[in-house]
Structure formats: structure tokens, C-alpha cells
Amino acid sequence: ELDRTILEVRRSLDGYETYPAARAIMAFTDGLSNWYVRRSRARFWASAWTQDKADAYWTLYECLLNLARVTAPFTPFFSEVTWRNLAKPLPGAPSSVHLASFPEADEAKIDKQLLDDMAITREAVTLGLNARRVANLKVRQPLGLCELVVAGEDRRAGLERNRPLILEELNIKRLEFTERPEEYVSYEVLPNFKRLGPKFGAQVKAIRAALAAGDSAVFHAQLQEGCLKLDIEGKTVELSGEDVEVRLTPREGFSAAQGNNMVVVLSTEITPELRDEGWVREFIRVVQDLRKDQGLPYDARMAIELYTEDDALAEVIERFREFISGETLAVGMNRTKAAPEKAKTARIEDSEIMVRITAP
């Protein structure tokens with residue numbers, strides 16, 4: 001991704017086009033921060049200095065060092081600070097980023113298949129999160145099923161290769177592909193008159209009638225393959241995705257979101273087992289918020305005291321004791337008979353819980 005970004009920036013600047021260059025830098029920075037770093041937290045925080053941990057840090061270091069050089073013409077002062085902080089250990093490194101050479105891309109390192117796979121995976125995750133938001137379902141609440149409606153075997157294969165990542169990011173138990181989206185959503189394909197008017201003139205009324213009379217699910221499938229074809233007055237008219245507006249409505253028990261390459265459908269049914277896991281994740285969030293409030297290092301051990309009058313909630317927390325301890329680095333967890341002093345009060349669904357963390 002770094003080499004592709006450098007290549008795009010160089011091509012744009014060689015043509016005196018600063019906006020595409022800046023856009024490429026912004027996209028890379030967003031992916032580095034909100035995807036690579038976030039996804040690599042476990043590697044960064046590993047207790048032992050393993051090869052995997054070293055690889056994670058060296059990759060981040062190389063990205064930041066080259067990012068300082070590639071952004072120097074755009075953000076000269078921030079790039080200078082970044083360079084001076086990072087380049088000190090490098091023998092013979094220029095004292096200023098503005099004395100360093102502009103980075104060169106190694107096109108041999110650009111793995112297009114890998115980049116395409118990750119791009120389609122990130123789109124699936126983004127759409128899945130949008131579907132959660134529409135249904136007001138927090139990511140901490142596990143869900144049972146995600147159905148993907150994808151056009152093209154290449155895209156499907158890329159998603160298959162990253163199946164575990166999608167399951168983790170969306171916090172779902174099962175991921176399936178379907179060729180029958182009508183079981184989960186209904187479509188309505190409407191004309192975009194601003195686009196159709198200048199292109200088709202008097203034929204617009206006939207196009208609108210054909211769209212209203214046809215099968216919207218079939219129209220949507222055609223759009224996923226490239227274009228929508230209509231028979232208008234004995235002639236074939238081709239419409240692109242910009243010529244129409246596709247409205248998607250999930251059926252009861254599901255939430256959905258659509259993008260350029262796929263539709264992501266989530267089951268909104270919360271079984272008792274999924275509910276319990278959601279409670280546990282909410283409890284972990286409360287504990288981790290306490291850690292942050294008290295300024296404890298991320299790797300500090302702790303003891304947890306909790307008080308709640310909800311026996312069902314307390315039973316679930318006890319049942320997941322080992323998992324909670326692993327996630328929070330707790331060396332002990334105890335339900336008290338009275339509210340602990342200086343405890344934090346929180347709500348998990350309709351239940352109140354009071355939590356205190358202390359050094360073991």
C-alpha cells in the first residue's frame with residue numbers, strides 16, 4: 001500500500017496535480033491508522049518480543065518514515081517534526097526531511113491481488129457497520145449471521161480469503177454468501193431524472209414506466225454486473241448505476257447496507273447466548289474505561305470488584321470469568337455483597353452494576 005501510494009503521488013505531482021496526490025496520501029493515512037494500527041494492537045501489545053511483534057513495529061516505522069518524506073511538500077512543519085523524531089537512529093540520515101530524497105516506489109512490491117482483496121474486505125466491514133448502525137446494534141453485541149450478496153467470483157474469492165477478519169470486525173458468528181437477496185431485502189429502482197433527461201429526452205417517461213413494471217431484484221443484479229438493460233420501444237437502452245437510484249429495504253429480522261460491489265445483510269435476532277456475550281463485552285468495556293480513567297498502563301494487572309442486584313447478569317459474568325480475565329489482565333474478580341467504595345456505576349442493558357479495580 002505504501003509503494004502504491006508513493007507511485008500515485010509521484011505520478012500526480014509530475015503532472016502538477018496536487019489534489020489527487022493529497023487524496024492518495026489521505027487514503028493511505030486513514031488505512032494506516034484506522035485499519036493497520038487498530039488491527040495490529042494485539043501484535044504491538046504482545047508481552048514477549050517475538051518476530052511477529054518486531055515485524056509489526058518495523059512495518060509501522062517504515063510507513064511513518066516514508067510518510068514524512070512524501071508529505072513534506074504538503075505539511076512541511078509536521079513532516080519535519082516526524083522525520084527528526086524517527087530518523088535519529090539511522091546512520092547518515094539527513095538532519096531535515098527537506099534535505100532527504102523524495103521516496104521512490106518499488107512497483108515489484110505492489111501486490112495488486114492482495115490490495116484488491118483488502119479493499120473489498122474493508123468495504124464489507126464498512127457496510128456491515130453501517131447495517132449495525134441502522135439497526136442500533138453496538139459492535140460489542142455479537143450477531144449470529146451475516147449474508148453477503150456479491151457480484152463476481154473474484155470479489156467473492158477475496159472475501160473468502162479474509163473471512164476470519166470480517167467475522168472478527170463485525171463480531172458475527174457465521175458468514176454466508178447468497179444468490180437470493182430477495183429473501184432478506186427488497187429493492188426499488190427509481191430513475192435519476194437529472195441524468196436521464198439530458199441523455200434520453202422524450203424516452204424518459206417510457207424508461208420510468210419500464211422500471212416501475214419490471215423486477216427490481218433483477219434490475220439490481222444487472223447493475224451489479226455492469227449495467228441495466230431495458231427494452232424501450234423495440235430498442236435496448238442501457239442504464240448505469242448513476243442513471244438510477246436503488247432503494248433497499250431489509251425484511252423483518254434483518255438490517256442491510258449496500259455499496260458499489262455488494263450488499264451486506266445482518267440478522268438482528270439476539271438469542272440468549274448472543275445476549276450473554278453482549279453483556280460480557282459491555283462489562284469488559286466498563287473495566288477498560290476504569291483503567292483509562294485511573295491512568296493505568298494497558299499492560300497493568302488488576303483485581304476487579306463488582307456489585308449488582310441482577311443475579312442473571314452476575315451469573316453470566318462469573319461464567320465468562322476466564323475470558324474477562326484474559327481481556328482485562330485481571331488476576332482476580334469478586335462479586336461483593338455491598339457496593340464497593342469509590343466504585344463506578346454503569347448500566348448493562350436494563351441492569352445497574354458497580355465496579356472497582358485495584359492493584360492486586
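Biologist: Which residue lies over the face of Trp279, and at what distance from the ring centre?

Modeller: Bear in mind that this is a predicted model. A charge counts as sitting over a ring if CZ of Arg is within 6 Å of the ring centre and within 35 degrees of the ring normal. The residue over the face of Trp279 is Arg275, and its distance from the ring centre is 4.3 Å.

Biologist: On to the aromatics. How are the rings of Phe44 and Tyr57 arranged: stacked, edge-to-face or tilted?

Modeller: There are five aromatic pairs in the structure. In the pair of Phe44 and Tyr57, the ring centres are 4.9 Å apart and the planes sit at 55 degrees. Planes under 30 degrees apart count as stacked and those over 60 as edge-to-face, so the Phe44 and Tyr57 pair is tilted.

Biologist: Which helices does that pair link?

Modeller: Phe44 and Tyr57 are 13 residues apart, and their pair links distant parts of the chain. Phe44 is in helix 3 and Tyr57 in helix 4. That makes the answer helix 3 and helix 4.

Biologist: Is Tyr57 buried, exposed or partly exposed, and what about Phe44?

Modeller: Buried means under 20% relative accessible area, and exposed means over 50%. Phe44 has 7%, so Phe44 is buried. Tyr57 has 34%, so Tyr57 counts as partly exposed.

Biologist: What kind of aromatic pair do Trp58 and Tyr61 form?

Modeller: Both residues lie in helix 4, three residues apart, or about one turn of the helix. An α-helix has 3.6 residues a turn, so residues three or four places apart point the same way. Trp58 itself counts as exposed, at 55% relative accessibility. With 5.6 Å from centre to centre and 90 degrees between the planes, the Trp58 and Tyr61 pair is edge-to-face.

Biologist: Which residues form the aromatic cluster?

Modeller: Phe44 and Tyr57, the tilted pair, both belong to this cluster. The full membership is Tyr36, Phe44, Trp49 and Tyr57.

Biologist: Where does helix 2 bend, and by how much?

Modeller: Helix 2 covers residues 18–39, which is 22 residues. From first C-alpha to last, helix 2 reaches 30 Å, close to the 32 Å expected at 1.5 Å a residue. Still, helix 2 has a bend at Leu32, of about 35 degrees.

Biologist: What do the buried residues of helix 2 pack against?

Modeller: Among the buried residues of helix 2 are Ile25, Phe28, Leu32, Trp35 and Tyr36. The buried residues of this helix pack against helix 1, helix 3, helix 4, helix 6 and helix 8.

Biologist: How far apart are the end C-alpha atoms of helix 4?

Modeller: Helix 4 has 20 residues, which should span 28 Å at 1.5 Å a residue. Its buried residues include Leu60, Tyr61, Cys63 and Leu67, and what covers the buried residues includes helix 1, helix 2, helix 3 and helix 5. The end C-alpha atoms agree with the expected span, since they are 28 Å apart.

Biologist: Which backbone oxygen lies 2.7 Å from a polar atom of the side chain of Thr71?

Modeller: Thr71 sits in the loop between helix 4 and helix 5 and is buried, with a relative accessible area of 11%. Leaving aside neighbours within four places in sequence, Thr71 is in contact with Ile25 and Ser79. The oxygen you're after belongs to Leu67.

Biologist: With which side chain does the side chain of Ser351 make a polar contact?

Modeller: Ser351 is in strand 12 and counts as buried, at 12% relative accessibility. Leaving aside neighbours within four places in sequence, Ser351 is in contact with Asp310, Leu313 and Ala346. The polar contact, at 2.3 Å, is with the side chain of Asp310.

Biologist: What about Arg84: which side chain does its side chain make a polar contact with?

Modeller: Arg84 is in helix 5 and counts as partly exposed, at 47% relative accessibility. The polar contact, at 2.8 Å, is with the side chain of Glu80.

Biologist: What is phi of Tyr16 near?

Modeller: Most residues other than glycine have a negative phi. Tyr16 is in the loop between helix 1 and helix 2 and counts as exposed, at 77% relative accessibility. Phi of Tyr16 is positive, near 60 degrees.

Key: Residues numbered from 1 in each chain as written. Predicted model: local features only at pLDDT ≥ 70, side-chain atom pairs only at ≥ 80, totals over all residues. Heavy atoms only, no water. Helix = DSSP H or I, 4+ residues; strand = E, 2+ residues; numbered from the N terminus. Expected span 1.5 Å × (residues − 1). Bend = angle between axes of the 7 residues up to and from the residue. Buried < 20%, exposed > 50% of the residue type's maximum accessible area, 1.4 Å probe, protein only. Contact = heavy atoms within 4.5 Å. Phe/Tyr/Trp six-rings, centres within 6.5 Å; stacked < 30°, edge-to-face > 60°. Polar contact = N/O pair within 3.5 Å; in protein donor to acceptor, adjacent residues only side chain to side chain.
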